[in-house]
Amino acid sequence: MKSQQPLKIVLLAKQVPDTRNVGKDAMTPEGTVNRAALPAIFNPEDLNALEAALTLKDRVPGSTVHVLTMGPQRAADIIRDAMFRGADGGYLLSGREFAGSDTLATSYALSCALKKIDADVIVAGRQAIDGDTAQVGPQVAEKLGLPQVTYAEEIVDICSGALLIKRRLEHGTEVVECPIPAVVTVNASAAECRPRNAKRVMTYKFALSKSEIAADPESVAARRAASKPALQIVEWAAADVDPDPQQLGLQGSPTKVKKIENVVFAAKEAKRLTASDCDVNELMVELIASHTLG
């Protein structure tokens with residue numbers, strides 16, 4: 001690898017409700033996800049993206065990884081989690097103005113924040129489990145006018161101001177070159193994220209956002225965070241990123257969710273086959289007769 005200047009890497013991450021098991025209280029009357037009624041987790045594919053970002057940081061000395069997330073105050077939890085694993089810090093975009101955002105409003109708000117951060121490489125999970133749209137990353141790239149690589153499985157190399165990326169496609173893989181700055185979305189088939197580091201957990205468990213410090217300023221964690229910039233998670237309201245208010249939150253979101261429900265697949269009639277020629281022939285005849293084959 002040729003000499004490469006240190007990179008400012010930003011991970012777009014989301015704290016999502018665990019929608020794998022939803023109940024009757026999962027939706028609000030307005031048709032948005034009732035996040036307070038569901039346990040919150042680090043979006044799984046964003047963890048794959050975090051590993052890609054940290055690997056790139058390890059490869060290019062002097063580089064940094066910061067997390068950008070949009071959500072309520074508790075979303076700072078995933079920034080701390082990322083710091084436990086190797087990230088350098090994070091930005092929390094929070095406020096009532098962002099509530100109810102669909103992918104269009106979310107990508108707009110994130111792009112406003114990213115203009116202020118001025119990152120070299122922006123990585124994100126392919127999609128979030130609460131929406132499964134895979135739209136935010138590409139929309140952010142479009143709004144920033146940046147090249148994008150989707151379905152990334154590995155950042156193979158970086159040289160001469162370009163990333164060499166392996167993509168996982170439906171029928172195989174391909175390797176592409178992309179100039180930076182760029183946006184990269186990462187698949188679940190990419191490397192799993194490294195575990196939390198015990199020493200980093202002991203250090204960064206005291207990292208707090210501005211609103212968390214204000215909520216209990218006399219606590220040990222708040223006093224430590226207030227005295228050490230490395231423990232301060234940057235928190236921005238809408239006004240801090242200079243957006244068009246009409247493009248934020250519900251008013252900036254043309255998409256509305258009508259309902260959400262569990263889909264349970266019921267077991268159907270099944271039969272067990274052996275590897276004998278007779279069983280295989282009978283199966284082929286049956287499949288051809290039902291027009292499943294042929």
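**Burial, packing and backbone geometry in a predicted model**

T185 is buried, with a relative accessible area of 3%. The model described here is predicted, and T185 is placed within strand β10, which covers residues 182-186. Beyond its neighbours within four places in sequence, T185 is in contact with A124, G125 and R126, with G137 and P138, and with V149, T150, Y151 and A152.

The protein chain as a whole contains eight helices and twelve strands. Of its 294 residues, 44% count as buried. Contacts between residues at least 6 apart in sequence join, in 70% of cases, residues at least 24 apart. The exposed area of the protein chain is about 16100 Å², of which carbon and sulfur atoms supply 53%.

The largest nonpolar core comprises 49 residues, and those with the most contacts inside it are L7, I9, L11, L50, L56, V121 and L163. Helix α1 gives the most to this core, with seven residues. Another core, of 25 residues, lies apart from it and includes L68, Y108, A141 and V241. The surroundings of I9 illustrate the packing of the largest core: residues up to four places away in sequence being set aside, I9 touches A53, L56, K57, S63, T64, V65, H66, V121 and V123.

K57, one of the residues touched by I9, lies in helix α1. With a relative accessible area of 18%, K57 falls under the 20% limit and is therefore buried. The C-alpha atoms of K57 and I9 are separated by 7.7 Å, although the two residues are 48 apart along the chain. Apart from neighbours within four places in sequence, the contacts of K57 are with I9, S63, V65, G86 and D88. L47 also belongs to helix α1, which runs over residues 44-59. Its relative accessibility is 19%, so L47 counts as buried. Residues up to four places away in sequence not being counted, L47 touches F42, R85 and C193. The C-alpha atoms of L47 and A124 are 8.8 Å from each other, with their positions 77 residues apart along the chain. A124 is also among the contacts of T185.

Packing between helices was examined for α3 and α4. Two packed helices are described by the angle between their axes and the distance between the axes. Helix α3 (residues 103-117) packs against helix α4 (residues 136-144) at an angle of about 50 degrees, and the axes are 9 Å apart. Because this angle is neither under 35 degrees nor within 65 to 115 degrees nor over 145 degrees, α3 is oblique to α4. The crossing of α3 past α4 is right-handed. On the side of α3, the contact is made by T103, L104, T106, S107, Y108, L110, S111, L114 and K115, and on the side of α4 by V136, Q139, V140, K143 and L144.

Within α4, the residues G137, Q139, V140 and A141 are buried. The cover over the buried residues of this helix includes β1 (8-12), α3, β7 and β10. From β10, T185 is in contact with G137, one of the buried residues of α4. A141 is in addition listed among the residues of the 25-residue core. Helix α4 is followed by G145, whose phi is positive, near 70 degrees.

Positive phi values also occur at residues other than glycine. A134 has a phi of about 55 degrees and is situated in the loop between β6 (121-125) and α4. With 25% relative accessibility, A134 counts as partly exposed. Y151, with a positive phi near 60 degrees, is instead found in strand β7 (residues 148-159). At 36% relative accessibility, Y151 likewise counts as partly exposed. Y151 is one of the residues in contact with T185.

A further backbone feature concerns the peptide bond joining I180 and P181, which is cis, with omega about 10 degrees. P181 is located in the loop between β9 (172-179) and β10. Strand β10, spanning residues 182-186, is the strand that holds T185.

Conventions:
Residues are numbered from 1 along each chain as its sequence is written. This is a predicted model: local features need pLDDT of at least 70, side-chain atom pairs count only at pLDDT 80 or more; totals for chains, interfaces and linings use all residues. Side-chain values use heavy atoms; hydrogens and water are left out. Helices (H or I, at least four residues) and strands (E, at least two) are DSSP runs, numbered from the N terminus. Buried means under 20% relative accessible area, exposed over 50%, partly exposed in between (1.4 Å probe, protein chains only). Contact means heavy atoms within 4.5 Å. Accessible areas come from the Shrake-Rupley method with a 1.4 Å probe; for residues, only the protein chains shown count as cover. A nonpolar core is a set of buried Ala, Val, Leu, Ile, Met, Phe, Trp, Tyr and Cys residues joined through side-chain atoms within 4.5 Å. Axes are lines fitted to C-alpha atoms, for helices over the stretch in contact, and angles run from 0 to 180 degrees between N-to-C directions. A crossing is left-handed if the near helix is turned anticlockwise from the far one by less than a right angle, and right-handed if clockwise.
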